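Hi,

Here is the structure I said I would pass on. Have a look when you get a moment, and my notes are underneath.

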Amino acid sequence: LGVGWVFWMTALSATDARSSTRTLRLQLSRGGKANVGTAQLGGSVAEGGSVVRKNVNAESVTSATSESGDEGGEVKHERVERAFPPGLLNLGNTCYFNSVLQVLYHLKSFRDALSEWNPPEDADPYRVALALSLKRLFVQMADVERRNVSQSIPPNHFLSVLREQNSDFTGYDQEDAHEFLRFLLDNVSDAFRASRPSSNPNKPYQQVSKRPRKSYEENPFQKLFEGGGATYTRCFECDTVKRREESFLDVSLPVQSGCSLSWALSQQVQRETLTDKYDCELCLTKTEAEQWWQLDTVPPVVTLHLKLFTYDRNIQGKVAASVRCPQSICFSRWCSNGSGEAMYQLDAVIVHEGSTMTSGHYYAYVNENGWYCFDDSDVSVIDETALRRKLFTPVKPKKTAYLLFYRKTDMESD
């Protein structure tokens with residue numbers, strides 16, 4: 001075609017209270033030159049309260065068809081525009097769970113396991129309701145993609161179930177995306193069990209990353225996210241090494257200005273001398289010892305939590321530092337038994353913008369056959385070079401990578 005028309009709409013956002021006003025851009029490309037015009041357009045609300053956005057992905061699929069319909073006829077090339085993936089409306093400081101839900105939705109193994117799940121009869125009712133609500137939301141998002149329209153979905157039902165029996169998520173306070181991810185994975189994983197868990201769903205979720213290994217049979221979510229590690233303690237008196245196994249859903253890593261992800265992982269497994277006297281069970285003496293932690297088994301999806309937030313005399317702060325993160329990584333050098341030889345690719349990043357954990361804004365970058373930015377209802381495309389420049393190179397960034405998701409390369413492509 002002599003003239004190619006590309007239409008798209010970008011959403012404007014300044015705070016979590018998102019405006020429904022949309023900017024419609026019309027770009028006319030002719031001979032490599034472009035004239036750009038803009039016009040204000042109010043976002044239209046579809047049935048169910050969804051905001052239908054007019055933007056389409058600039059990446060198009062070219063199809064070849066014969067004008068005569070016969071093989072060997074003249075070939076006509078048509079541009080078929082592919083709509084952006086669905087966004088999620090911000091319902092009042094809900095960016096923390098919008099970003100987490102986008103990462104989980106675009107992880108195909110997670111989405112498929114949830115879609116095939118039917119709740120067991122004796123499972124905990126609250127956890128089942130939460131998992132079913134998440135499943136329902138993912139069905140809505142998949143339907144939007146199937147219809148190839150750009151649409152933002154309000155996660156009202158999921159938020160209502162989330163707040164139903166857990167006071168931590170009531171009100172309009174900004175919550176922590178890492179803690180919400182842990183809470184959601186723990187509860188959805190428990191809903192998959194054949195017997196009701198003994199723990200109380202109302203109790204505060206754990207804020208530590210390591211926990212004792214459990215004996216129940218693994219479900220799909222555990223197999224996807226849960227890895228194994230061990231804490232080692234060596235007695236200086238008798239030289240005995242005690243090993244305590246642990247499981248983890250994520251690994252929390254220290255950060256400092258100018259550091260790399262390899263440095264942070266090495267700090268996590270570094271040996272330290274115990275300041276308090278160690279009670280050795282073998283030689284029955286109270287003596288000095290050293291302790292360290294190492295990976296045993298690496299899950300298909302490795303979630304790395306960068307410890308950005310600090311607490312000093314009840315005052316919250318944030319480490320204004322970017323961490324140099326590779327696009328691919330092998331975890332074998334931090335494993336205790338030579339395992340972890342597989343390669344992992346950076347699949348998603350959750351970003352925090354702001355100065356404290358209880359303020360600011362969260363959004364996500366997801367690699368879905370190319371990188372997308374999911375900022376509540378605003379969905380846009382970004383190339384990998386620009387992404388790395390934004391997140392992994394600034395000296396004192398305001399927008400900081402907070403959660404990293406590395407996916408094993410031999411997993412089924414999403």
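Below is what I found, going from one helix outwards to a few other spots. One thing to keep in mind throughout: this is a predicted model.

**Helix α1**

I'd start with α1, which covers residues 95-105. Of its 11 residues, 11 are buried, so the rest of the structure largely encloses this helix. The buried set runs from Cys95, Tyr96 and Phe97 through Asn98, Ser99, Val100, Leu101, Gln102 and Val103 to Leu104 and Tyr105.

How does α1 sit against α5? Their axes come within 9 Å and cross at roughly 55°. An angle between 35 and 65 degrees falls outside both the parallel and the perpendicular classes, and the two helices are therefore oblique to each other. The crossing of α1 past α5 is right-handed.

The other helix to look at here is α3, residues 125-146. Its axis and that of α1 come within 11 Å, with a crossing angle of roughly 70°. That puts α1 roughly perpendicular to α3. Here too, α1 makes a right-handed crossing.

**Aromatic pairs**

Now the rings. The model has 24 aromatic pairs. Take Tyr96 and Phe97: their ring centres are 5.6 Å apart and the planes stand at 85°, so this pair is edge-to-face. The cut-off behind that label is a plane angle over 60 degrees. Tyr96 has a relative accessible area of 2% and is buried; Phe97, at 0%, is buried as well.

Tyr96 also pairs with Phe169, and that pair is stacked, with 6.3 Å from centre to centre and 10° between the planes. Where do these two residues lie? Tyr96 is in α1, while Phe169 is in the loop between α4 (156-164) and α5 (177-191), so the pair ties together parts that are 73 residues apart in sequence. Both Tyr96 and Phe169 are buried.

At the other end of the numbering for α1, Tyr105 belongs to a cluster linked by ring pairs. Its other members are Phe110, Trp117, Phe138, Phe192, Phe221 and Phe225.

**Charges over rings**

Tyr105 comes up again here: the charged end of Arg111 sits over its ring, 4.8 Å from the centre. Another case is Arg271, which lies over the face of Trp292 at 3.6 Å from the ring centre. If you plan to look at cation–ring geometry, these are the two spots I noted.

**Pro154**

Pro154 is in the loop between β9 (150-153) and α4. Buried or exposed? With a relative accessible area of 13%, Pro154 is buried, since the cut-off for that label is under 20%. In sequence, Pro154 and Gly87 are 67 residues apart, yet their C-alpha atoms are 8.8 Å apart in space.

**The β24–β25 hairpin**

Last, a hairpin. Strands β24 (residues 371-375) and β25 (residues 378-381) run antiparallel, and four bridges join them. Within that pairing, Cys373 has Ser380 in β25 as its bridge partner. Two residues separate the strands, and Asp376 in the turn has a positive phi of about 55°.

That's what I have for now.

Cheers

Definitions and conventions
Residues numbered from 1 in each chain as written. Predicted model: local features only at pLDDT ≥ 70, side-chain atom pairs only at ≥ 80, totals over all residues. Heavy atoms only, no water. Pairing = 2+ DSSP bridges. Phe/Tyr/Trp six-rings, centres within 6.5 Å; stacked < 30°, edge-to-face > 60°. Buried < 20%, exposed > 50% of the residue type's maximum accessible area, 1.4 Å probe, protein only. Lys NZ or Arg CZ within 6 Å of the ring centre and 35° of its normal. Axes fitted to C-alpha atoms, helices over the stretch in contact; angles between N-to-C directions. Parallel < 35°, antiparallel > 145°, perpendicular 65-115°, else oblique. Left-handed = near helix turned anticlockwise from the far one by under 90°.
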